[in-house]
Amino acid sequence: MAQRPDVMERMKSRVIPVDPFDLVIFGGTGDLARRKILPGLFRRFCAGQMPGDARIVGAARSEMDNSAFRDMVREAIIEFGDADAAATSHLDDFLACIHYIAIDAKGDQGWAELQTLMAGEGRVEAYYFSVGPSLFGDLAERLQKWGMADEKARIVVEKPFGRDLATAQDLNATLATYFDEHQIYRIDHYLGKETVQNLMAVRFGNMLFEPLWNSQYVDHIQITVAETVGVGGRGEYYDKSGAMRDMVQNHLMQLLCLIAMEPPARFDPDAVRDEKLKVIRALDPVDHHHVVRGQYQAEPLNEAAHPGYRTAVGDARSRTESFIALKTHISNWRWAGTPFYLRTGKRMSARSSEITVVFKETPHSIFGEEAGRHRNVLSIRLQPNEGITLGVTIKEPGPGGMRLIDVPLDMTFAEALGDEGDQVDAYERLIMDVIRGNQTLFMRGDEVEAAWAWTDPIIESWEARHDVPKPYESGSDGPTDSIEMMRRDGRQWREVSP
Ligand code: NAP
């Protein structure tokens, strides 16, 4: 997104620069680094948050010098970041902070050079593990072996964090051999989204909502993360994972926690994460009758460009789900009796992530049954058009008597706050939090394990039954069974709108 110079100047005057830091990006030549991490850092640099003497070190096996890596970073920023700002002198200043070391996570190549570069006192040291999870343990071990796993080191660990409880426990144990929990930043970029933090601000910064935030007033809650893309080039990885592991266990679960948790005593990392953990531990096991799994089909007139799931992953008998919808409950005083419906999938009708709180109907209509019963619906949109909308019932204007209609009280951030409403991408916010040493928006080890402990039996149940996902049309909102699951409960999914 292009930023106007006046907006950039205003942002600069408001941001508080972080302390000088060295950030090593293992996997610095990879997709995530090029699409998100490096353009995000550049935006923080332009905003004046990243100090000019910070150093960013790309590290991967490919042989190249600083100059070649800087060219790669320049191209990535132009392609995935802010092409306008990239045309300014900011980019050359930013590139002067960039270094590259060819390093092998599994060998000794490059580690002595990195050790020399990182020697020195007084700077924050962060190591971003933007490599496949099979290398996390190797990196942690070598950081210690080469003397870099000291007290001032922080590591950032990408998803997936395990593929079940046992592997997550193993990974936690491996990382704990070299680092304390307060040094480990498990990233879930959903937590870095502006709306997700606003969800906490809305809940705990207003008197209006919290008294109604319970099963007495809330009929049900829906969380939908819909994507229009298919598995693309990630077919091999995705087919071993599926929507449950790739999306529900982490992103949707985190959103569920934030919407359902008790008010933490303080907005500090452990207070918030303690409350999230209690939610996960209070989740009911999910009966397989309350789970719908699906696989998208080819687009009929465009099969070559948009193949079906099984063709895309190259396995004609794949039983991995590209869509999942499920119903669960939270067994505690606040939420007993309120269902939570979660849904996520690929090749759906629109790209949209939204949390919807559907309140109960008024207990009695003074306007007569013909005026209809209405529900307030609070919708929290994560993407696109981040914002919050509250559906309120009012009188239909005009002389036609007392007829009721629902109108949205709309706070789309971009409209309410101007360009400044969505300046900061999730990754850049989270990286700055790492530098500041703030773990509030990162998952703690016990949270991740609790999430797998809830997820594992659901997956085991369909594996034991050799469950085959239901086919669904590309561009639809999943198998009809998902709609049926809601209909059985007298409810319906909120429309997936772009
Ligand atoms: P990728 O494009 O395959 O990049 C992998 C990076 O790791 C490359 O820079 C590669 O460079 C480097 N690498 C591989 N083996 C290495 C070794 N032995 N020693 C040192 N470096 C090595 O992967 P990615 O998509 O960027 O994903 C990175 C991580 O982020 C993964 O854990 C992924 O699950 C996670 N993630 C990615 C995305 C995304 O949008 N891409 C989103 C969420 C999470 P060389 O081959 O030159 O060594």
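**Exercise 1.** In this predicted model, find which residues Gln295 touches, leaving out residues up to four places away in sequence, and decide whether Gln295 is buried or exposed.

*Solution.*
1. The contacts of Gln295 are Tyr309, Arg310, Ser318, Arg319, Thr320, Ser322, Pro469, Lys470, Pro471 and Tyr472.
2. Gln295 itself belongs to strand 8, residues 291-296.
3. The cut-off for buried is under 20% relative accessible area. Gln295 has 5%, so Gln295 is buried.
4. A polar atom of the Gln295 side chain lies 2.8 Å from the backbone oxygen of Thr320.

**Exercise 2.** Work out which strands stand at the edges of the nine-stranded sheet, and which residue is the bridge partner of Ile221 in strand 11.

*Solution.*
1. The strand order is 14-13-12-11-7-10-9-8-15, in an open sheet with mixed pairing.
2. Strand 14 (404-412) and strand 15 (470-472) each have a single partner strand, so each has one side without a neighbour in the sheet. On average, neighbouring strands are turned by 20° against each other, direction ignored.
3. Strand 7 (residues 218-226) and strand 11 (residues 352-359) run antiparallel and are joined by eight bridges. The partner of Ile221 is Val357.
4. Helix 17 (residues 480-488) lies across strands including strand 7 and strand 8, at about 15° to strand 9.

**Exercise 3.** Check the span of helix 12 (residues 269-282) at 1.5 Å a residue, and state what its buried residues pack against.

*Solution.*
1. The 14 residues should span 20 Å.
2. The end C-alpha atoms are 20 Å apart, which agrees.
3. Buried residues of helix 12 include Ala271, Val272, Glu275 and Val279.
4. The buried residues pack against helix 11 (242-260) and helix 16 (445-464).

Note on methods. Residues numbered from 1 in each chain as written. Predicted model: local features only at pLDDT ≥ 70, side-chain atom pairs only at ≥ 80, totals over all residues. Heavy atoms only, no water. Helix = DSSP H or I, 4+ residues; strand = E, 2+ residues; numbered from the N terminus. Expected span 1.5 Å × (residues − 1). Buried < 20%, exposed > 50% of the residue type's maximum accessible area, 1.4 Å probe, protein only. Contact = heavy atoms within 4.5 Å. Polar contact = N/O pair within 3.5 Å; in protein donor to acceptor, adjacent residues only side chain to side chain. Pairing = 2+ DSSP bridges. Axes fitted to C-alpha atoms, helices over the stretch in contact; angles between N-to-C directions.
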